[in-house]
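Please open the model in your viewer and keep the sequence panel visible. The tour proceeds by selection, one stop at a time.

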Amino acid sequence: MSPAAPPSPSPAPASAPAPRLLDWRVRFGALALIWGFSFLFIKVGTEGFAPFQVTFGRLLFGTAVLAAAIAVKRDRLPRGARVWGHLAVAAFLLNALPFSLFAYAELTIPSTLAGICNATTPLWGMVLSLVALSEDRPTRVRAAGLGIGFVGVLTVLGAWQGFSGLDVTGTALALLASFSYAVGWIYVRRTLSGTGASNLSLAGSQVGLATLQLAVVTPLFTSVPESVELMPLLSVIALGALGTGYAMLLQYGVVAEVGPTTASMVTYFIPVIATAAGVALLDEHLTWNTPVGALVVLAGAALTQTRASRRTAPPATAPQPAAVPAETPPRAASRA
């Protein structure tokens with residue numbers, strides 16, 4: 001579920017873009033819908049499976065889609081033990097950990113709140129940039145965005161009411177998942193630039209490694225379900241095949257066609273769609289402070305993505321190695 005993509009791992013030689021069957025705006029809209037509905041899929045999935053099982057299924061089906069894309073394009077997997085080691089860490093921070101945290105969070109909080117928590121990723125990234133990215137120091141406008149975003153979070157949580165009626169543990173897990181995305185993107189920017197591998201192969205390898213991580217963890221903490229219900233199963237399949245696999249391919253194409261700045265705007269539609277889906281399809285209760293606070297969070301997140309100067313344009317970037325939940329786009333959102 002994050003605007004402002006990190007530097008491209010290794011840009012491929014320029015070539016004429018292949019003709020697109022669908023306009024990029026259509027694919028942009030599909031991407032926003034898929035990632036926005038991911039929080040609903042997680043909620044329904046946890047009604048029939050343990051959170052680790054939902055995450056493992058999500059990663060497994062996502063890996064299958066990406067592996068098929070790599071095979072069709074005849075892409076090569078990354079080379080070198082060092083690259084694979086960095087990918088394993090990225091897989092944990094950007095996939096295995098946040099996906100699992102969101103699944104556990106939605107056992108006790110509504111999908112609408114989880115989707116809004118996902119939008120705090122750029123705010124966490126802003127905080128981390130103070131100590132981790134010396135070349136990305138905040139301006140006054142970006143610092144103001146951080147403050148505004150924090151006020152938005154307090155509004156969503158109903159701080160003036162003493163957080164009454166709020167499940168603290170579930171909310172903390174969702175916010176921790178968003179924090180993990182921010183840490184993961186900083187790690188990716190610092191370790192996976194210039195690897196010589198394509199973004200698609202890096203993404204597929206990263207999600208594949210996350211699948212292996214969950215394959216080890218899941219049997220240790222869960223047991224095989226006595227029965228499998230249809231709707232939770234379909235939700236997990238959709239979450240993986242669409243939200244983790246196909247959505248990443250859509251993002252890859254949109255970023256390549258219109259650039260990371262425009263493509264990253266999908267971040268700001270995700271909590272809106274997640275909220276609408278939760279209220280309309282899951283009958284989740286919505287008070288005035290939730291949508292108002294969400295808008296304030298998004299406004300603050302947008303301000304944190306502004307740049308100090310536009311005189312020197314940054315080099316063009318390609319899509320990140322792997323994105324989010326929820327959900328998560330470049331640096332401000334990782335798809336749940």
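Select Arg74 first in this tour: the residue lies in the loop between α2 (51-73) and α3 (81-105). In this predicted model, Arg74 has a positive phi of about 55°, although it is not a glycine. Is Arg74 buried or exposed? Its relative accessible area is 76%, and exposed means over 50%, so Arg74 counts as exposed.

Next, select residues 270-282, which form helix α11. How far apart are the end C-alpha atoms of this helix? They lie 17 Å apart. With 13 residues at 1.5 Å a residue, α11 should span 18 Å, so the distance in the model agrees with the expected span.

Keep α11 selected and colour its buried residues: Ile270, Pro271, Ile273, Ala274, Thr275, Ala277 and Gly278. An α-helix has 3.6 residues a turn, so residues three or four places apart point the same way. Now display the elements that cover the buried residues of α11; among them are α1 (24-45), α4 (111-118) and α12 (289-304).

Finally, move to Asp283, which follows α11. Asp283 is placed in the loop between α11 and α12. Asp283 is not a glycine, yet its phi is positive, at about 55°. The relative accessible area of Asp283 is 67%, and exposed means over 50%, so this residue is classed as exposed.

To close, select Arg74 and Asp283 together: Arg74 has a positive phi of about 55°, and Asp283 has a positive phi of about 55°.

Conventions. Residues are numbered from 1 along each chain as its sequence is written. This is a predicted model: local features need pLDDT of at least 70, side-chain atom pairs count only at pLDDT 80 or more; totals for chains, interfaces and linings use all residues. Side-chain values use heavy atoms; hydrogens and water are left out. Helices (H or I, at least four residues) and strands (E, at least two) are DSSP runs, numbered from the N terminus. The expected span of a helix is 1.5 Å times one less than its number of residues. Buried means under 20% relative accessible area, exposed over 50%, partly exposed in between (1.4 Å probe, protein chains only). Contact means heavy atoms within 4.5 Å.
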